[in-house]
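Trainee: I'm new to this one and would like a close look at a single part. Could you take chain A as the part, and walk me through how it meets its neighbours and what stands out along the way?

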Amino acid sequence: MTDGNTARRTILVVGGGISGLTAAVEAAEVGYEVILVEKEPQLGGRVSQHNKYFPKLCSPTCGLEINFQRIRNNSRIQVYTLAEVETISGTAGNYQVAIRRNPRFVNEKCTGCGDCSQACTTEVDNPFNFGLNKVKAIRNAHVMAYPSQYFMDPLFAKTDEAKKLVKICPVGAIEPDQQAMTLNVQVASIVWATGWTPYNAEKIRPYGFGRYANVTTNMRFERMSSVHGPNQGAIVRPSDNKEVRNIAFIQCAGSRDHNYLPFCSRICCLASMKQATYVREQYPDAKITIYYIDLRAMDRYEAFLQKVMADPGIRWIKSKPSRIDEDKELNPIVIGEDTLTGQRYQETYDMVVLATGMEPNCTTEKVPAAGVEVDAYGFVVNAGGGIIGTGCSLSPVDVATSVQSGTAAALKAIQTAVKGG
Amino acid sequence: MEKKIGCYICSGCGIGEALDVDALVKIATKEQKLPLVKKHEFLCGPEGVELIRNDMSTSGVNAVLLAACSPRVKVDEFRLGTSLLDRVNLREQAVWSLEVKEGDDTAEEDRQMMAEDNLRMGCVKIKKMNPPEPFQDPSFSKDILVVGGGMAGMTTALEIAETGYKAILVEQSGQLGGMVARMHKVSPSKPPYQHLQENPVAALAAKVEGHANIVVHKNATIAKTIGAPGLFDVSIQNGGHVSQVRVGSIVVATGFTPYDASKLDHLGQGTSPDVITSLEFEEMAKAGQIVRKSDGKPAKRVAFSLCAGSRDKNHLEYCSAACCTYSLKQALYVKEQYADASTYILYQEIRTPGQMEDFYRKVQDEGGIFIKGDIQKVAVGTAGGLSVQVNDKLLRSSETLAVDLLVLATGMKPNVDTVDPNNPSPVGVAAGAEVKHVLNLEYRQGPSLPELKWGFPDSHFICFPYETRRTGIYTAGPARRPMGIAASMTDATGAALKAIQAVESVARGAAVHPRAGDLSYPSFRQEGCTQCKRCTEECPFGAINEDAKGNPLFNPTRCRRCGTCMGACPQKIISFANYSVDMIGAMLKEVEIPEEDAEKPRILIFACENDSYPALDAMAREGGKISPYVRIIPLRCLGSMNLVWIADAMSTGFDGVLLMGCRHGEDYQCHNVRGSALAEIRLSKVSETLNRLQLESDRVKMVEINIMDSHKLPGIINSFVAEIQKLPANPYKEF
Amino acid sequence: MSEKIKEYTFYPGCSSEKKASAANMENSMHAMCHMLGIKLNEIDDWNCCSASIGYAGGGELPRLAMTARNFALAQQQQGNKDLVATCAACWLALRETEERMEESTQVKADLATALKAADLKYDGGLKIRHMVEVLIEDIGWEALKAKVKKPLTGVKIAGYVGCQTNRPFSIAGDNFENPQYLDRMIETVGATAVPYDKKVACCGGALAFSELDKVTPLIRDILQSAVDNGADLIVTPCPVCQLNVEVYQDKVNKTFGTHFNIPVVYYSQLFVLAWGGSWTEAALNQQVISAEAVLKKFAS
Amino acid sequence: MAYDLSFARDVYKHSEMGHWIKMCMQCGVCAGSCPLGPHWEHSPRQLFQLVRAGKKEEVLKSSSMWMCTSCYNCIVRCPRHLPITHIVHGLARYASEQGMVDPKQPTHRFAKEIFWKNITATGRVAEMLLTMRLYFADGLAQGIKNGLEMQAQALGMLKTGRLMPLPFRSKIKGYAGFRAMLDKAQELEAKHKESKA
């Protein structure tokens, strides 16, 4: 599909989260051709699931929208959603890449009018909200999704109802028979930006996530707090939808722990501080407790820590809780030792949020190419070469660092293109 | 070339059912007198697009007005190869956002009126729109100036050079390497994240000095920087000698200065020669012998006081990010030299993010002792050395340690001169004869970079970390944010990209962030200027200089195309080819204002196109319903809002004006930093205008809209409409 | 029967001796193994594992040496057949010794020297197993279920796993905080496993000897939770747990004014009974708190 | 002066698994995991910091390490993989060796004076003897009182054939070798300690 000259100026970016988006637009705005591959039906990655950014408490959608605007306005970027890299061969400056394009079952004629979704009667667990609510089997992931073209769940596509929906679409965009296809491209260099998955909190058995209804995770809490989340932003106890009067956040739930993730996930301290502000906004009198080992508000984020610390309704307990029990009213009971007083505690809450960390996606979806070094945790180690890791493929990082990292990766990818390997 | 406008009205997605499309065609044809108007039932489909393309190739259509859906969708389909393209939003605004019950003729009529007005405004806009001519100058340079020859600066220069561009590296001292050159070793940056790494400075400096694409100026400073991206003329002063270079963009990588330890008496500074800073400790380790400075005896017991002057409201309020890791590194130096070393890390919070947790563990494994607490007292010990009293928070007691050295991990102060952006100093005041500024910009808004907070010179440190408020000038490394060596090198690589991107964009005549690729830029009708200086003062990016008489001297390549100058100008002398005071004024005047007794008010909404407009789209998609009496005009930025439009709206007969902009203040979200803030300041003066017109000041209101506020918009808009409806109708309707 | 006899080297440990505190475990284990076609070859002249309380008097090496002697005898007598233990503390001691020998060549060499003083040597390579692992991994859940002749229908049982068969070496990779194997055994014999939040709580272990007052509240909580959850019976794999929870019920009742009288049995006793064994074969006659009211009707 | 590391270094070297104490990050998970938490003087975490601070007296006279039930909860939850159970056992023995333990410390007395002697006397536990020694450790009168208190338990065990009525048992056959092996092990351990010191 690409001629030799173009291929030499083409950069493949794998992953459409904030790191990959950044790498793609920055490279394209220099003047290079970019192919951006994303496995989900829309771009935005984990950032799009966040309610607000720390420290400004602004909406990540704003930051994403400007990047989408940059993509819309730049004909040098070719976006493939629902796509995954299958194989990479060749060498720096000249890679052959097979990209699997999974069916969307809705073609590009889709105008986003929403008639199909309205007509559809099948509902499925909403993966965008971590299954906390149901959505139509044909839909857009969220109202700001880019591209705004709809998609259909693969299992639903096989049903009779899916076939019936074909007639609902006024422009003939629905194709339940769509098949996966492979696209072969030739590129000069590859930016690997496949990001992270929230650590599976069920593995942290002492904390009872999955067994206790009112123990949740920080990423679920982001969705619960979002106006586009399962409760339209109302923060309530999962078991009975009651108001949250007394809530605890547990830091390092899985991180800095040899039993789970030995590294520090970097963002969770700030994320919990931010989430404490969500609670405060809805419940001026709520009691908030943050259990921590070290408060890691690096560099300029310190100001945010100080701001949140000014809230007298937040207790800070230097302690990694030992375990969580549950009482008969399904209140979680947090048990441990306050290391600054030496006192053991047993505290009952309405709800507990586990600040789970980041598991690099490179551990489960390895870079399908030879010679890419990874560390003991599965993070990519950049050691030269035409496949360049960025963002949370390299280390657990915040948005600003991802942007920094994505911009740097764009330059390394361009250099590979310039030098021809 | 003669402009020939083709207008295409889509009837798909329910537009045809909701609206009288033929009536719309008639307005475009008869009333607006467009030469070619067509309707189509599926305009974004292959046949629809083909229809337009065909007209462009066969009928000479070179300007296209699409009346269909939001300009934020179907962009690829409508990439038609002409810059004269505008889109009238019928679907989201005039169909989805309105509540029309079956058989409600009034509501249907209101809806049709909104669609017609939207179309009228689009027609006027496309008529007034001219193709932007990209700014070009034959003397554009693509070379890049890098200021600072430390790790960040050297990395930036090398990355630029390796990409095929020429880098000019200016270093104040006689050698490259900066702060890191004074260090013994560096912290681990690669697996297993446990071992000290050799100092990378020598190897990097050799590469830099030997690179064909890099010119190094040592013992040199920047005497003066004049011009603009692509056209920066930089005077490099080397002793008495001054040389001139022209560069396209600039990276400031001037690093940091350790926080002044003399201010840290409370941590024992000055008590004994054995209280030293981490930099002094580096130099000692590099020299070979870790000893007590007081008597030269081996220093086997060393305490490191973290956050020395950082995270302290009396000193540096921020965390200096790297001190935890470099103190851990220094603890290993002691261990390297003395097998029986005792090292103590006195900390508040250990901050070893990511894989650096492994390094923390390594130092513990090597016997490093971590004490959470504050230094209470430092005294000279009985057998020499020091006695350090610590409030040990984990033991809940005051403990005294006997050590040979106390190392204060002093934080980082950025080595860059900044200026309070709210009070930019005028030209000439701050730039004295003595060179103490990094770039000595000859900018009307001062020689320094505007600061965001704490002397750091950026603008959007989360989303767009490299952007300063001086176009084409980027910062890298600790000059822009406290960071360690590995982070600085990544940061420098990114800054190199931004600098390259800037020179390439300038060469194309295109804007950089946030309107990347925009080819338009404002022109100044100088003869109309009254030298009020509003434009030169208000430009968030300092794009406009002044001549001696106070006339604006515009630098197109410094411009980010936000239009703030246009909004500021009371004389309406500043216009873009495709965006002007006249254009928006003409659009709003084209709206049909019903008779006063029709009880149908008209409310004008100016919506920032970055956040408010997408929120309006989202509202429509989610089924939010708003009053049919509003007419929405998107603006590039609320900063481009000219008060004349409010007067125009009032005199045209609009009953109210609602301004929707981004959050401003400390945690501002405005893409153009000051746009929405300036709009608010201007608005404070609007009551004057209203008074002159003898109108209530409540008729004009500004609201902060976040992109996720779609659910709030119906409430905000409808309650404003309701408020306006309580007022008498605008008496100017009759005129 | 076409089933091949499975042979293991067996380390019973002190409490499993005749007329020792876990004689009921020992007796039912033998019956259970017999029914499964398992032959347990007891190490001749084995010695104490030093148990969890041995550290105060014995240093690391002497303690490890005691287990090393058992390894050496096992190997000398039975070759490298898997070495099976039934007692939690014994199994743990075996596993720990194995682990430390693997971790440290110094420990390994020292133990060899010590063994030499007893004219013994151990070449390494023994695989240490818990009886539960033999049941799950070598026999299999299906086979365990297939043998059930008298399903213990209607009996509600709290599966009390306790500590040392679970931590730090879990059984067959099961979970530390909520192991499943014991509940599955209960279901396998046709009884009902009640939810049990004290499943892995500590009974006080050897501290029952020296600090009984501190330990009785733990035992009370374990009993209380079982009763609250409607259990007729507690089952456990651990002899220390069994002893503390069964024998001290009287003491708990006196101290706290409670009225516990709940039988505490071993999983082996349940299997023997469900597979058609007699009351005595299941060693249920050796309970301090009789299980007759609950289980007698299932006995052959 | 606090944080003199000579005590900590001695513990790192001479207390079983003591070197792991270096690795504690003071998170506190261990404390809340311990079933005898209410009875601790110091949580494991606190003991470890005291060791590092050189608080020898406080550490070795602490009753804490005698409160271990060997439940291993702390081990499996420790995020730094410290073998806390073993470290605590090691500290207990270290304190005992240093003669710092209160002679009335019941677990110390039972574990060292009764249990270890019991098992090394014959090679196996003699349960009846163990029990009797325990009850009579504070003299005859207290022993009778203890015995009476626990009469129901003992009788129950006797009746069900789970307690050997005789207090004495014979030695294992290879006792001589067993004893020689223990002596050798002790000798090696002593030698290592000297060479490390």
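**Chain A and its surroundings**

Mentor: Let's warm up next door, in chain B, where Leu658(B) stands opposite Lys701(B), a residue of strand 33 of chain B. Keep in mind that this is a predicted model. The pair belongs to strand 32 (residues 656-661) and strand 33 of chain B, which run parallel and are joined over 5 bridges. Those two are part of an open sheet of 4 strands, ordered 31-30-32-33, with parallel pairing. Strand 31 (630-635) and strand 33 (700-704) of chain B are at the edges with a single partner strand each, so one side of each has no neighbour in the sheet. From one strand to the next, the twist averages 20°.

Two helices pack on that sheet. Helix 16 (residues 612-622) of chain B touches strand 30 (603-608), strand 31 and strand 32 of chain B, and its direction makes about 115° with that of strand 30. Helix 17 (residues 643-652) of chain B touches strand 30, strand 31, strand 32 and strand 33 of chain B, and its direction makes about 150° with that of strand 32.

Now over to chain A, starting with a sheet of its own. Here 3 strands form an open sheet in the order 4-5-10, and the pairing is antiparallel. Strand 4 (83-91) and strand 10 (181-187) of chain A are the edge strands, each with a single partner, so each has one side left without a neighbour in the sheet. The twist in this sheet averages 20° from one strand to the next. Strand 5 (residues 94-101) of chain A pairs with strand 10 of chain A in the antiparallel sense over 7 bridges. If you want one spot to click on, try Tyr95(A), whose bridge partner in strand 10 is Val187(A).

While you're in chain A, look at a couple of loops too. Most residues other than glycine have a negative phi, and most peptide bonds are trans. Phe105(A) has a positive phi, near 65°, without being a glycine. You'll find Phe105(A) in the loop between strand 5 and helix 4 (115-119) of chain A. A cis peptide bond, with omega about 0°, joins Phe54(A) and Pro55(A). Pro55(A) is in the loop between strand 2 (33-37) and helix 3 of chain A. Chain B has a cis bond to look at as well, from His513(B) to Pro514(B), with omega near 0°. That Pro514(B) is in the loop between helix 12 (485-508) and strand 26 (523-524) of chain B.

So, on to the neighbours. There are 5 pairs of chains in contact, and chains A and B share the most contacts. In that pair, 87 residues of chain A are in contact with 86 residues of chain B. Together the two chains bury about 7,100 Å², with 57% of it on carbon and sulfur atoms. On the chain A side, Lys56(A), Arg300(A) and Gln404(A) lose the most area to chain B, together 12% of what that side buries.

What holds your eye at this interface may be the charged pairs: there are 11 salt bridges across it. One of them brings together the side chains of Arg256(A) and Glu357(B), at 2.8 Å from N to O. The interface also has 43 residue pairs in polar contact. Helix 2 (18-30), helix 3 (60-72), helix 9 (302-309) and helix 10 (399-419) of chain A are the elements that give two or more residues to the side touching chain B. Helix 10 of chain A gives the largest share, 14 residues. By kind, the residues on this side divide into 42 nonpolar, 22 polar and 23 charged.

Chain A touches chain D as well, with 18 residues of chain A in contact with 20 residues of chain D. The area buried there is about 1,500 Å², and carbon and sulfur atoms give 47% of it. His258(A), Glu337(A) and Arg344(A) supply 36% of the area that chain A buries against chain D, more than any other three residues. The count between these chains is 1 salt bridge. In a salt bridge, the side chain of Glu337(A) meets that of Arg45(D) at 2.8 Å, N to O. There are also 13 residue pairs in polar contact between chain A and chain D. Strand 18 (residues 332-338) of chain A gives the largest share of the side touching chain D, 3 residues. That side divides into 4 nonpolar, 7 polar and 7 charged residues.

Note on methods: Residues are numbered from 1 along each chain as its sequence is written. Chains are lettered from A and ligands numbered from 1 in the order in which they are written. This is a predicted model: local features need pLDDT of at least 70, side-chain atom pairs count only at pLDDT 80 or more; totals for chains, interfaces and linings use all residues. Side-chain values use heavy atoms; hydrogens and water are left out. Two strands pair if DSSP finds at least two bridges between them. Axes are lines fitted to C-alpha atoms, for helices over the stretch in contact, and angles run from 0 to 180 degrees between N-to-C directions. Contact means heavy atoms within 4.5 Å. Buried area is the accessible area (1.4 Å probe) that two parts lose on being put together, summed over both. A salt bridge is a side-chain nitrogen of Lys or Arg within 4 Å of a carboxyl oxygen of Asp or Glu. A polar contact is a pair of N or O atoms within 3.5 Å; within protein, one must be able to donate a hydrogen and the other to accept it, and residues adjacent in sequence count only if both atoms are side-chain atoms. Ala, Val, Leu, Ile, Met, Phe, Trp, Tyr, Cys and Pro count as nonpolar, Asp, Glu, Lys and Arg as charged, and the others, Gly among them, as polar.
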